[in-house]
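The following note sets out points for a colleague who is reading the model at the bench. Please keep the sequence and the structure in view while going through them.

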Number of protein chains: 2
Amino acid sequence: MTATSGRPAAASDAGRGAGGGLDDEGVGSGAVMDDTVAAVVRQWRSVHPALDTGPMEVIGRINRCAALLQQAEDAPLRRAGLSRPEFDLLGALRRTGHELTPSELAKETFSSGAAVTKRLKQLTERGLVERRGDARDRRVAHLRLTDAGRDLVDGILPEQLAYETAVLSVLAPEGQGELAGLLAELLGRLEGRMGALRA
Amino acid sequence: MTATSGRPAAASDAGRGAGGGLDDEGVGSGAVMDDTVAAVVRQWRSVHPALDTGPMEVIGRINRCAALLQQAEDAPLRRAGLSRPEFDLLGALRRTGHELTPSELAKETFSSGAAVTKRLKQLTERGLVERRGDARDRRVAHLRLTDAGRDLVDGILPEQLAYETAVLSVLAPEGQGELAGLLAELLGRLEGRMGALRA
DNA sequence: AGCATGTATTTTACTTGTAAAACACCATCG
DNA sequence: CGATGGTGTTTTACAAGTAAAATACATGCT
């Protein structure tokens with residue numbers, strides 16, 4: 001749980017046409033799932049038959065999955081009165097185990113410094129986070145979880161993971177593994193290169 | 001291109017532990033990519049060794065991929081002065097080929113009615129969309145693209161797809177196909193069930 | 001016809017995020 | 001030492017989304 005913020009989209013991009021051989025079905029099933037994205041791609045192809053709708057099948061689905069998963073995923077968090085960005089921030093403090101500065105929190109949660117400032121203000125007021133000034137450099141602040149904050153995170157985490165496990169169980173374990181692997185490969189390369197391409 | 005809105009998150013959830021056998025590497029490569037999510041998962045496991053961090057490997061990566069892809073993907077759109085939600089709306093009108101009501105647009109772009117109202121106001125002012133009242137039922141409106149709107153969409157679409165193709169080319173074609181297939185399976189089942197689970 | 005109810009759309013009030021500017025402070029160089 | 005420039009953080013002004021209330025109609029029932 002817990003990345004940064006989030007709010008994916010609807011349906012989109014290119015089809016798998018560009019790709020190559022393999023068609024659908026990942027591992028075990030046999031039927032081609034007909035999802036929303038497939039329908040959208042079909043519409044585009046009928047309007048612009050010449051277009052290579054390949055990327056839509058991948059990017060459109062990633063976006064749509066992210067949207068659906070987050071909607072679902074946020075449920076356990078809301079029960080605890082936290083938004084996902086808030087939980088991400090607390091989670092960063094919890095998993096690193098040590099204090100972090102606002103800048104570090106921004107990097108860790110993939111959000112802007114201003115957004116972090118606002119969240120910290122609220123979380124501090126709620127008593128989940130504590131602030132300490134740096135002795136050497138009075139510009140920087142160090143944030144840490146209060147006991148209440150730590151307990152909250154530790155309480156939510158198992159629920160969150162259990163819920164996510166349930167949601168993902170629509171895929172067989174091998175499918176989950178394959179998916180994780182492919183996404184890791186894509187993500188690793190995207191994170192590495194990002195910035196090279198400039199449309 | 002073009003789902004609805006979007007704005008995924010950082011790193012999160014469970015590991016692949018829950019899953020089963022297979023480890024990484026999707027198809028052709030051999031090295032395990034070390035992405036941001038893997039690092040986050042390692043941190044969580046070192047703090048809470050008992051936790052099943054399985055789902056994180058999948059959900060965290062989907063979110064992060066969506067975030068990165070959108071940031072990149074939006075570039076061609078911004079060049080045309082459109083946000084993705086705006087383009088999604090125009091795209092829905094273009095691909096369906098006929099007029100749509102605000103409600104239908106909301107469904108099609110996965111956004112709220114209020115959001116659609118606001119976007120329509122702007123797009124209409126920009127002369128990309130036209131409104132027509134329904135004769136039978138004066139509550140409903142029918143929206144259609146103007147010539148300028150249609151031309152804009154048709155002009156952007158190829159750029160967008162080409163750009164996405166380039167971004168995805170970090171994955172081999174077979175990898176793209178497998179990924180699309182697995183995501184289709186996940187998405188199809190999520191869209192089918194969503195609502196059943198309630199944490 | 002008259003009214004209760006339901007639906008399509010918009011409006012309102014508010015929340016949250018962002019970009020850019022403002023602050024506050026360190027560090028270095030002359 | 002005092003100006004110059006750079007960095008960490010917060011503030012400001014603004015853009016965009018949401019939930020819930022408000023509007024404006026249509027419908028079905030009596």
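1. The UniProt annotation, from an unreviewed entry, assigns "domain: HTH marR-type" to residues 55–188 of chain A. In this predicted model, that span is 72% helix and 7% strand, and its end C-alpha atoms lie 18 Å apart.

2. Chain A as a whole contains seven helices and two strands. Along the sequence, the elements of chain A follow the order α-α-α-α-α-β-β-α-α. Of the 199 residues in chain A, 53% are buried. Among chain A contacts between residues at least 6 apart in sequence, 64% join residues at least 24 apart.

3. Helix α3 deserves attention in both chains. In chain B, α3 covers residues 84–96, and its 13 residues reach 18 Å from the first C-alpha to the last, close to the 18 Å expected at 1.5 Å a residue. Because 13 of the 13 residues of α3(B) are buried, this helix is largely enclosed by the rest of the structure. Just after α3(B) comes B:G97, which takes a positive phi of about 80 degrees.

4. In chain A, residue A:T96 belongs to helix α3, residues 84–96. Is A:T96 buried or exposed? Its relative accessible area is 16%, and A:T96 therefore counts as buried, the cut-off being under 20%. The side chain of A:T96 also reaches the backbone oxygen of A:L93 at 3.4 Å.

5. Turning to the DNA, strand C is surrounded by 21 residues, and the closest are A:S112, B:P102, B:S103, B:R131 and B:R139. Of the atoms of DNA strand C that come within 4 Å of the protein, sugar and phosphate account for 64%. The surface near DNA strand C is made up of seven nonpolar, six polar and eight charged residues.

6. Which elements supply the surface near DNA strand C? At least two residues each come from α5 (113–125) of chain A and from α4 (102–109) and α5 (113–125) of chain B. Of these, α5(A) gives the most, with five residues.

7. Several contacts reach phosphate oxygens of DNA strand C. An N or O atom in the side chain of A:S112 lies 2.8 Å from one phosphate oxygen of the strand. The side chain of B:R131 likewise places an N or O atom 2.8 Å from a phosphate oxygen of DNA strand C. In the case of A:R138, a polar backbone atom is 3.4 Å from a phosphate oxygen of this strand.

8. DNA strand D also has 21 residues around it, the closest being A:P102, A:S103, A:R131, A:R139 and B:S112. Sugar and phosphate make up 61% of the atoms of DNA strand D that come within 4 Å of the protein. By class, the residues of the surface near DNA strand D are seven nonpolar, six polar and eight charged. Contributions of at least two residues each come from α4 (102–109) and α5 of chain A and from α5 of chain B. The largest share, five residues, is that of α5(B).

9. For DNA strand D, the contacts involve bases and backbone. An N or O atom in the side chain of B:K118 is 3.0 Å from a base nitrogen of DNA strand D, and a polar side-chain atom of B:R139 lies 3.3 Å from a base oxygen of that strand. A polar backbone atom of B:R138 is 3.1 Å from a phosphate oxygen of DNA strand D.

Notes: Residues are numbered from 1 along each chain as its sequence is written. Chains are lettered from A and ligands numbered from 1 in the order in which they are written. This is a predicted model: local features need pLDDT of at least 70, side-chain atom pairs count only at pLDDT 80 or more; totals for chains, interfaces and linings use all residues. Side-chain values use heavy atoms; hydrogens and water are left out. A residue is near a molecule or strand if one of its heavy atoms lies within 4 Å of it. A polar contact is a pair of N or O atoms within 3.5 Å; within protein, one must be able to donate a hydrogen and the other to accept it, and residues adjacent in sequence count only if both atoms are side-chain atoms. Helices (H or I, at least four residues) and strands (E, at least two) are DSSP runs, numbered from the N terminus. Ala, Val, Leu, Ile, Met, Phe, Trp, Tyr, Cys and Pro count as nonpolar, Asp, Glu, Lys and Arg as charged, and the others, Gly among them, as polar. UniProt positions are given in the numbering used here, feature names are shortened, and annotations may be inferred rather than shown by experiment. The expected span of a helix is 1.5 Å times one less than its number of residues. Buried means under 20% relative accessible area, exposed over 50%, partly exposed in between (1.4 Å probe, protein chains only). Contact means heavy atoms within 4.5 Å.
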